[in-house]
Amino acid sequence: MNDQKNQIELVRYKVELKPTWDALVDKAKNATFLHYRDYVDYHADRFVDHSILIFKNGKVIAAFPCNVVEDQVYSHGGLTYGGLLYGKDVHAATVLEIFEAIGNYFRENGKRKILYKVVPQIFHTYPADEDLYALTRVGASLVRRDLSSVIEIAHRPKLSDSRKNTARKAEKAGAVAVELNSFHEFHALLAHVLSKFGAAPVHSVGELELLKARFPEQIRLFGTLIGGRLYAACLAYDCGHVVHTQYLASSDEGRQIGALDYLLLNLVEKYFSDKKFLSFGISTEQQGRVLNTGLIAQKEGFGGRGIVHDFYEWVL
């Protein structure tokens, strides 16, 4: 690296830089545990990683998790959201410099455009929309907007009668909500549910076990059991002040007795009552163009209200 004052320098990530990367994520105001290299790299065989560390005056100030596919850059294809990660000490003018440097870097590397997935605001630990302003300044366009549902736990609206009644049915059937340690029965249930829509779980059992071993406090599995049998389950990602329901699944019998509603109510009132937000994830389909009204109605019945997940296209 050179010693020029105020010089922004981009360095492609390599495994030797893992401590530097993870230390930056520790301090970033818009990062979650998904941005640690132990998460980003768990499926490294599926992506050509081209993540970048940004230095100024020889000090790391930001990171840009991304992968490349031919002449396109994605931030990051293996993550729900990517974006530029940076701390409270990085000012708006510096973020503009960083974006200029990123654009120049990938142009020189023969790339044509960047698909930038914004970190939703609820995951910020301090205001962090400088990147949105920078995207506007470089001429990026909003190309996709998904709608997600979030509960602010301490101030959530009253539970709807339908959600209350279905949760009560499960309780009367003898349901208990417990934390689980094995992923096998959950994965089989999830695969069965997704198969009806011609889909399959993104994660294998082995990958879930690997991630749980790497992030035992952040990745937690919960289930509704009756007589020891699993009727509904939720894989939760604990991101600090936000808990995100990464996977939700219910058997056919579970739907009849409200097993998933019962489980979600227990997550809100028992397991995560000390958190600020519970995120249910998106209820949009076809690149955000279609709203699954039935799915979002269930989330709204628990008090979930909308936030957006935005995708920008930056033509280089």
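Biologist: Two strands count as paired if DSSP finds at least two bridges between them, so how many bridges join β5 to β6?

Modeller: Bearing in mind that this is a predicted model, strand β5 (residues 67-69) is joined to strand β6 (residues 72-75) by three bridges, and the two strands run antiparallel. Within that pair, the residue standing opposite Val69 is Gln72 of β6.

Biologist: And what do β5 and β6 form, and which residue in the turn has a positive phi?

Modeller: They form a hairpin with two residues between the strands, and the turn residue Glu70 has a positive phi of about 55°.

Biologist: In which sense does β6 pair with β8?

Modeller: The pairing of β6 with strand β8 (residues 113-117) is in the parallel sense and extends over four bridges, with Val73 standing opposite Ile114 in β8.

Biologist: Switching to helices, at what angle do the axes of α5 and α9 cross?

Modeller: The axes of α5 (residues 161-172) and α9 (residues 259-271) cross at roughly 100° and come within 7 Å. Angles of 65 to 115 degrees count as roughly perpendicular, and α5 and α9 are therefore described that way relative to each other.

Biologist: Which residues make that contact?

Modeller: On the α5 side they are Arg163, Thr166, Ala167, Ala170 and Glu171, while α9 contributes Ala259, Asp261, Tyr262 and Leu265. Sorted by class, this contact of α5 with α9 has five nonpolar residues, three charged residues and one polar residue.

Biologist: Is Thr224 buried or exposed?

Modeller: Thr224, which lies in strand β11, has a relative accessible area of 0% and is therefore buried, the cut-off being under 20%. Leaving aside residues up to four places away in sequence, its contacts include Ala175, Val176, Tyr231, Ala259 and Tyr262.

Biologist: Now the largest nonpolar core: which residues touch the most other members?

Modeller: That core has 34 residues, and those touching the most other members are Phe33, Tyr39, Phe186, Ile219, Leu235 and Tyr237. The elements that give two or more residues to this core are the helices and strands α2 (37-40), α6 (184-195), α7 (205-214), β11 (219-226), β12 (229-238) and β13 (242-250).

Biologist: What does Leu235 touch?

Modeller: Not counting residues up to four places away in sequence, Leu235 touches Phe183, Phe186, Leu208, Ile219, Arg220 and Leu221, and also His244, Thr245, Gln246 and Tyr247.

Biologist: How many residues does the second core have?

Modeller: The second core, which is separate, has 29 residues, among them Ile8, Phe99, Ala128 and Ala134.

Conventions: Residues are numbered from 1 along each chain as its sequence is written. This is a predicted model: local features need pLDDT of at least 70, side-chain atom pairs count only at pLDDT 80 or more; totals for chains, interfaces and linings use all residues. Side-chain values use heavy atoms; hydrogens and water are left out. Axes are lines fitted to C-alpha atoms, for helices over the stretch in contact, and angles run from 0 to 180 degrees between N-to-C directions. Angles under 35 degrees count as roughly parallel, over 145 as roughly antiparallel, 65 to 115 as roughly perpendicular and the rest as oblique. Contact means heavy atoms within 4.5 Å. Ala, Val, Leu, Ile, Met, Phe, Trp, Tyr, Cys and Pro count as nonpolar, Asp, Glu, Lys and Arg as charged, and the others, Gly among them, as polar. Two strands pair if DSSP finds at least two bridges between them. A nonpolar core is a set of buried Ala, Val, Leu, Ile, Met, Phe, Trp, Tyr and Cys residues joined through side-chain atoms within 4.5 Å. Buried means under 20% relative accessible area, exposed over 50%, partly exposed in between (1.4 Å probe, protein chains only).
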